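Please open the model in your viewer and keep a selection command at hand. The tour moves from one selection to the next, with a short account of what is found at each stop.

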Amino acid sequence: DNSCEFIPKCRTCRRQAREQSGEGDHHEGLSSDEELTPTEVDEFQKSKDNVLEDSRKIFEDVHADFCDIRKILLKFQEWKERLPDSYSEAYISFCLPKLLNPLIRVQLISWNPLEQNFTELEEMPWFRAIEEFSDAENVSES
């Protein structure tokens, strides 16, 4: 099989080409096949900016009570406190993940755990709201 012999030759050719052109910013262990050209980086950034801008518009026409996870969970907590039988019969614990999924996904669009200064999931407002709601449910059940 010649494919094993081909890979080192390609690497050698690329290394020699970099040395001749004076490119000194290559780091060993990184594949030059995965390096993006400045044009590709610009196109990616424009595309990313467009997606982020569009994501900000998703809930523009939605009342604040229905696009804020904390407020939604408060409504469910009130329901549980006022009408516990109805709340239990509605199987809310099974419905909440599907209900909150789109809201959380919008908030995670710009999240990148590979960036140096990324926010931990546990520090995000939606995570804390769900955590508080879960704690309140566990306290009321006990």
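Begin by selecting Tyr91, which counts as exposed because its relative accessibility is 53% and the cut-off for exposed is over 50%. Bear in mind from the outset that this is a predicted model. Tyr91 sits in the loop between α4 (84–89) and α5 (92–108), and if you display its backbone torsions you will find phi near 50 degrees, a positive value in a residue other than glycine. Most residues other than glycine have a negative phi.

Next, select Phe76, Trp79 and Tyr87 together, since ring pairs link these residues into a cluster. A search of the whole structure finds 5 aromatic pairs. In the pair formed by Trp79 and Tyr87, the ring centres are 5.6 Å apart and the planes stand at 85 degrees, so the pair is edge-to-face, given that planes over 60 degrees apart are classed in this way. With the surface switched on, which of the terms buried, partly exposed or exposed applies to Tyr87? Tyr87 is buried, with a relative accessible area of 6%, whereas Trp79, at 26%, is partly exposed.

Finally, move to helix α6, which spans residues 125–141, and select Glu131 within it. Glu131 has a relative accessible area of 42% and is therefore partly exposed. Extend the selection to Glu120, Glu122, Glu123 and Asp135, which together with Glu131 form a negative surface patch; colouring the surface by charge is one way to view this last stop.

Definitions and conventions: Residues numbered from 1 in each chain as written. Predicted model: local features only at pLDDT ≥ 70, side-chain atom pairs only at ≥ 80, totals over all residues. Heavy atoms only, no water. Patch = residues over 30% accessible without salt bridge, like charges linked within 9 Å, V, L, I, M, F, W, Y side chains within 5 Å. Areas by Shrake-Rupley, 256 points an atom, 1.4 Å probe, with all protein chains shown as cover. Salt bridge = Lys/Arg side-chain N within 4 Å of Asp/Glu carboxyl O. Lys, Arg positive; Asp, Glu negative; His and termini not counted. Charge placed at Lys NZ, Arg CZ, Asp CG, Glu CD. Helix = DSSP H or I, 4+ residues; strand = E, 2+ residues; numbered from the N terminus. Buried < 20%, exposed > 50% of the residue type's maximum accessible area, 1.4 Å probe, protein only. Phe/Tyr/Trp six-rings, centres within 6.5 Å; stacked < 30°, edge-to-face > 60°.
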